[in-house]
Amino acid sequence: MRRMFLAFVFVPLILASSAFAGDAEVKAAQAAIDGQLKAFIANDGATAYSFAAPNVKQIFPTVDTFMNMVTNGYPPVRKPQTYSFGKVEETSPTSIVQQVLIVGPDGKDYEAVYTLQQQPDGTFQITGCSLRASNSLST
């Protein structure tokens, strides 16, 4: 089952290795995702919300509405047992798509595909996420 928490066009993803995106950009994008996931785990909604891009904040204008959406629609993202970064694709000089492999609170495997956009200040913020159950087994 696929869920998308934002209205973005889901383009078929042929995820490439990180060699196509600059290492600094990939690390910055991964740091944003890692920071948000750690904030979710710590129940720090304000920090988690700070990693959301302006388009997300327009749809979910408060921390509470954002956290309710994540809690109700994305339990594996909200409370991951573990997570690791997978494949990455640079879709433009300022846009990155990052796969994150998650073991959810239910012990099942999930794949989250994040989209991130570089902001005018140079940081990357999360513009969207799609989540699906994974067919692989945790190791």
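This is a short talk that walks through one protein structure, from its overall layout down to a few individual residues.

Good morning, everyone. Please keep in mind from the start that what we are looking at is a predicted model. Let me begin with the layout, where you can count 5 helices and 5 strands, and where the order of these elements, read from the N terminus, is β-α-α-α-α-α-β-β-β-β. The protein has 139 residues, and buried residues make up 44% of them. Its accessible surface comes to about 7300 Å², and carbon and sulfur atoms account for 57% of that area. If we take the contacts between residues at least 6 apart in sequence, then 53% of them join residues that are at least 24 apart.

Let us turn to the strands, and begin with β2, which covers residues 82-92 and pairs with β3 in the antiparallel sense over 8 bridges. These two strands form a hairpin that has 2 residues between them, and as examples of facing positions you can look at S92, whose bridge partner in β3 is S95, and at S84, which stands opposite L101 of β3. On to the next pair: β3 and β4 also run antiparallel, joined by 9 bridges, and here Q98 has Y114 in β4 as its bridge partner. The hairpin of β3 and β4 has 5 residues between the strands, and in this hairpin G107 takes a positive phi near 80 degrees.

How many of the 9 residues of β3 are buried? The answer is 8, so this strand is mostly covered.

Now for the interior of the protein. The largest nonpolar core has 31 residues, and those that touch the most other members are F40, F66, V77, Y114 and L116. Two or more residues of this core come from each of α1, α2, α4, β3, β4 and β5, and it is α1 that gives the most, with 7 residues. Let me pick out F40, which, leaving aside residues up to four places away in sequence, touches A48, F66, M67, V70, V77, R78 and K79.

Several of those names bring us to helix α4, in which F66, M67, M69, V70 and G73 are buried. Why do we say that these buried residues sit on the same side of α4? The reason is that they cover an arc of only 160 degrees around the axis. The face of α4 turned away from this buried side carries D64 and N72, which are exposed.

Before we leave the helices, please find N43, in the loop between α1 and α2. This residue has a positive phi of about 60 degrees, although it is not a glycine.

Next come the charged pairs, and the structure holds 2 salt bridges. In one of them the side chains of K38 and D34 meet, with 3.0 Å from N to O. Both residues lie in helix α1, residues 23-41, and they are 4 residues apart, which is about one turn of the helix. K38 is partly exposed, because its relative accessible area of 49% does not go over the 50% that would make it exposed.

In the other salt bridge, E111 is joined to R132, and the closest N and O atoms are 2.7 Å apart. This pair links distant parts of the chain, since E111 is in strand β4 and R132 is in strand β5, 21 residues apart. Are these two partners buried or exposed, or something in between? E111 has a relative accessibility of 11% and therefore counts as buried, whereas R132, at 28%, counts as partly exposed.

I would like to finish with S134, which lies in the segment after β5, the strand of residues 124-133. With a relative accessibility of 21%, S134 counts as partly exposed, because buried would require a value under 20%. Not counting residues up to four places away in sequence, S134 touches D109, Y110 and E111, and this E111 is the residue that forms the salt bridge with R132. The C-alpha atoms of S134 and A112 are separated by 9.2 Å, while along the chain these residues are 22 places apart.

Thank you for listening, and please go back to the model to look for these residues yourselves.

Notes. Residues numbered from 1 in each chain as written. Predicted model: local features only at pLDDT ≥ 70, side-chain atom pairs only at ≥ 80, totals over all residues. Heavy atoms only, no water. Buried < 20%, exposed > 50% of the residue type's maximum accessible area, 1.4 Å probe, protein only. Contact = heavy atoms within 4.5 Å. Salt bridge = Lys/Arg side-chain N within 4 Å of Asp/Glu carboxyl O. Core = buried A, V, L, I, M, F, W, Y, C linked by side-chain atoms within 4.5 Å. Pairing = 2+ DSSP bridges. Areas by Shrake-Rupley, 256 points an atom, 1.4 Å probe, with all protein chains shown as cover. Arc of directions from axis to C-beta.
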